[in-house]
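Grab a coffee and open the viewer. Below are a few exercises, each with a solution worked out step by step.

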Amino acid sequence: MRDIISVTMGSTVRGLVEAKHGVEEGKIGEKDGLEENGVSLDDNGNDPSGKVEASVGSVNENEDVEVEDLGSEGDEFCVGDFVWGQLRRHPWWPRQIYDLHTRRIMLQRLNPKDDILARLEELISDTSSLSPPSQAPEPVTLVIPPLRDDFKPSCFHGWLSEEISEEIDIKVKKYLRGEGANLEVLQDKKLKGQLAVREELYGKSAKAAAKAEKWLMPSEGGYLEAEGIEKTWRIRQEAISREVDISSSRNQFDITLPDLGPYTMDFTSSGRYMTFGGRKGHLGIVDMKNMDLIKEIQVRETVRDVVFLHNELFFAAAQKKYGTEHGAVLRLQFLKNHFLLASINKSGQLHYQDVTMGQMVGNHRTGLGRTDVMRVNPFNGVVALGHSLGTVSMWKPTSSAPLLKVLCHRGPISALAFHPNGHLMATAGKEKKIKIWDLRKLDYELQNIPGHANTLDFSQKGLLACGTRSSVQILGDLSGAQNYSRYMNHSMVKGYQIGKVVFRPYEDVLAIGHSMGWSSILIPGSGEPNFDSWVANPFETSKQRREKEVRSLLDKLPPETIMLDPTKIGTVRPAKKKEKPTKQEREAEMEAAIEDAKDIDFKRKTKGRNKPSKRVKKMQETVAKAKRPFLEQNMEEEELLARKKQKTSEVVELPVSLQRFAKKKTLT
């Protein structure tokens, strides 16, 4: 038997041909003009029309029915070969020719769910796309253990198990919390046992997470890959649309509404629905799966921004007339974990409103002027504002002062965006600079990229979209070293002014709002390929939506939990340093200690040892002992004050010409 079995995916045989298996309805291979199910065969055992149909019936394993060899040299099949066949009402699929005796052993020894054919089919299904014989793909070679006389089916099972275990081991390393502790150097047996149990639990949890990723997250994300000297940013949308499937190509479209723009938009957390708003008062909601217009409203006034609330049934619009509580709103953001609607108005006032009760939680005057740059950090719920002096301020509803102020640019800030992990921030300034910042270390920027952007947005996989004028540039950290470089480019029709770019969650799609409507383009690798139905389900029913809304309301976080480092929640607050007591407080404490000392009752002693003079002397010693700590503390403070005065009283030697400018200090 051959060591390498050739899997011929392009064989023109219709029907599963299993040599020495036995076929109830007719035989294949008789060369004297046989008829196979009513179809006449030529001398080579083939249909003159070019097709051979072999009707495969049930195999009776108790009878050894032999099948003669097939035709001429070019159409020979051997035991162990894979043929390209089709069973009745089943798709085209590769099948292997088995020896009857070997097949019987396999069926007896193996569990039906561990069938060799099922596992081989699973492996082969990834090698090539299956097609009918007229579109047969090229042959593929699969290296598997040879079939010998001493063949044991467990070798196939072990080989396939090793392939799966190696893949799981690679995924386990991703979920392990670093390398395990070295327990050999420990002398304490109790600690060694506890750490061993802990390490075992870590290993089990990592393995469970790896198996869940393998079976529950089948889709894998990918990026555009260029060959040779080709560049990914030279690939156009037309070339991408020719290569993708029909459902993905439907995500490429342009909606032209020149009389109602410019447009802004927002997506739900699942990416199923999109809300749009035109500056001339055009509002609506679109189902992006079916491209159905769910709702459309004309409010007949200026609309500057729109944002979804906790689900697709509620959205907020920054209108000019109905801004009584928030003022003339320029930008809106929604904190989904806290059910807070944040807004910034023309006067530079930041408002927080609880949408569950309609109560105003916070109203802060920034004091840094008007701004229309506002984003929420998804990691901690902190609102960041970009100002005209080049600073970025971060706020929370329970503080009237900013949590943090960072000087990011030398000129006004034009755009701002946060990475989904909450640790990276991208800012764009009017001086034509785009900077990437690590919020854990704001001493200096991670990267300084030349370019201008009126709008920024991060995708779920970390791609950064920069929109300015009539062009969009996509930056990607493909190396994983926080080094962003040009990934894709897209140019709109000349004259279109881009106002906002938003990535669609769980899809490789970028929505662009511009002065003439809105557009949608494909950005491979931008969206998360697998969605969690407990977090964001694009196919949720109305019942699931209601249950999710109730659950999210029960899990609603109070505004006090918003902070720069949310990991501090649940930890013990460190003790505050004791404030230095005043002179009056120290005197009051000393008097209280003296009174307590005077109230002490001394024990009555024998005659001669209980004289009044001795009792008075003992009382004086007790009062002096109570005074001693306070007097010692006063002496230390006086000595410290004397040293400071001595240092300030030292005369600094200055040149004669500068001595008249020296500050004269009085000595006490």
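Before we start, one cut-off: a residue is called buried when its relative accessible area is under 20%, exposed when that area is over 50%, and partly exposed in between. Keep in mind too that this is a predicted model.

**Exercise 1. Find out how confident the predictor is, and where the confidence drops.**

Step 1: start with the average. The mean pLDDT of the protein is 77, and 72% of the residues reach 70 or more.

Step 2: look for weak stretches. Residues 1-75 have a pLDDT below 50, and beyond near neighbours in sequence this stretch still has 134 contacts in the model. Residues 110-154 also come out below 50, with 87 contacts in the model beyond near neighbours in sequence.

**Exercise 2. Sketch the protein as a whole.**

Step 1: count the elements. There are nine helices and 32 strands.

Step 2: check burial and surface. Out of 668 residues, 38% count as buried. The accessible surface is about 41300 Å², and carbon and sulfur atoms own 50% of that.

Step 3: ask how far along the chain the contacts reach. Taking contacts with a separation of 6 or more, 50% of them are between residues 24 or more positions apart.

**Exercise 3. Work out the strand order around E24, then say how well E24 is covered.**

Step 1: lay out the sheet. It is an open one with four strands in the order E22-E23-E24-E25, paired antiparallel. Its edges are E22 (413-418) and E25, each of which pairs on one side only. On average, neighbouring strands here are turned by 15° against each other, direction ignored.

Step 2: take the E23 side. E23 (residues 424-429) runs antiparallel to E24, and six bridges join the two. Among the bridge partners, Leu424 goes with Asp438 of E24, and Ala428 goes with Ile434 of E24.

Step 3: take the E25 side. E24 pairs with E25 (residues 447-450) in the antiparallel sense over four bridges. Here Lys433 has Pro450 in E25 as its bridge partner.

Step 4: apply the cut-off from the top. E24 (residues 433-438) is mostly covered, with five of its six residues buried.

Step 5: compare with the record. An unreviewed UniProt entry lists residues 406-440 as "repeat: WD". In the model that span is 57% strand and 0% helix, and its end C-alpha atoms lie 13 Å apart.

**Exercise 4. Which residue in the turn between E23 and E24 has a positive phi, and is that residue buried or exposed?**

Step 1: E23 and E24 form a hairpin with three residues between them.

Step 2: in that turn, the one to pick is Lys432, whose phi is near 65°, a positive value in a residue other than glycine.

Step 3: Lys432 has 54% relative accessibility, so Lys432 counts as exposed.

Step 4: try another case, Gln482, which has a positive phi of about 55° although it is not a glycine. Gln482 is in the loop between E28 (471-476) and E29 (485-491). Its relative accessibility is 30%, so Gln482 counts as partly exposed.

**Exercise 5. Explain why E14 and E17 each have a side without a neighbour in their sheet.**

Step 1: write down the order. This open sheet of four strands goes E14-E15-E16-E17, with antiparallel pairing.

Step 2: read off the ends. E14 (329-335) and E17 (359-365) stand at the edges with a single partner strand each, so one side of each has no neighbour in the sheet. Neighbouring strands of this sheet are turned by 20° against each other on average, direction ignored.

Step 3: zoom in on the middle pair. E15 (residues 340-345) and E16 (residues 349-354) pair antiparallel over five bridges. One of the residues involved is Leu341, whose bridge partner in E16 is Gln353.

**Exercise 6. Inspect two loop residues, Glu312 and Pro262.**

Step 1: Glu312 is in the loop between E12 (303-308) and E13 (315-319). With 11% relative accessibility, Glu312 counts as buried.

Step 2: list its contacts. Leaving out residues up to four places away in sequence, Glu312 touches Thr268, Tyr273, Ile285, Glu540 and Arg545.

Step 3: Pro262 is in the loop between E7 (253-256) and E8 (263-267). The peptide bond from Gly261 to Pro262 is cis, with omega near 0°.

How values were computed: Residues numbered from 1 in each chain as written. Predicted model: local features only at pLDDT ≥ 70, side-chain atom pairs only at ≥ 80, totals over all residues. Heavy atoms only, no water. Pairing = 2+ DSSP bridges. Axes fitted to C-alpha atoms, helices over the stretch in contact; angles between N-to-C directions. Buried < 20%, exposed > 50% of the residue type's maximum accessible area, 1.4 Å probe, protein only. pLDDT = per-residue confidence, 0-100. Contact = heavy atoms within 4.5 Å. Areas by Shrake-Rupley, 256 points an atom, 1.4 Å probe, with all protein chains shown as cover. UniProt positions renumbered as here; feature names shortened; annotations may be inferred.
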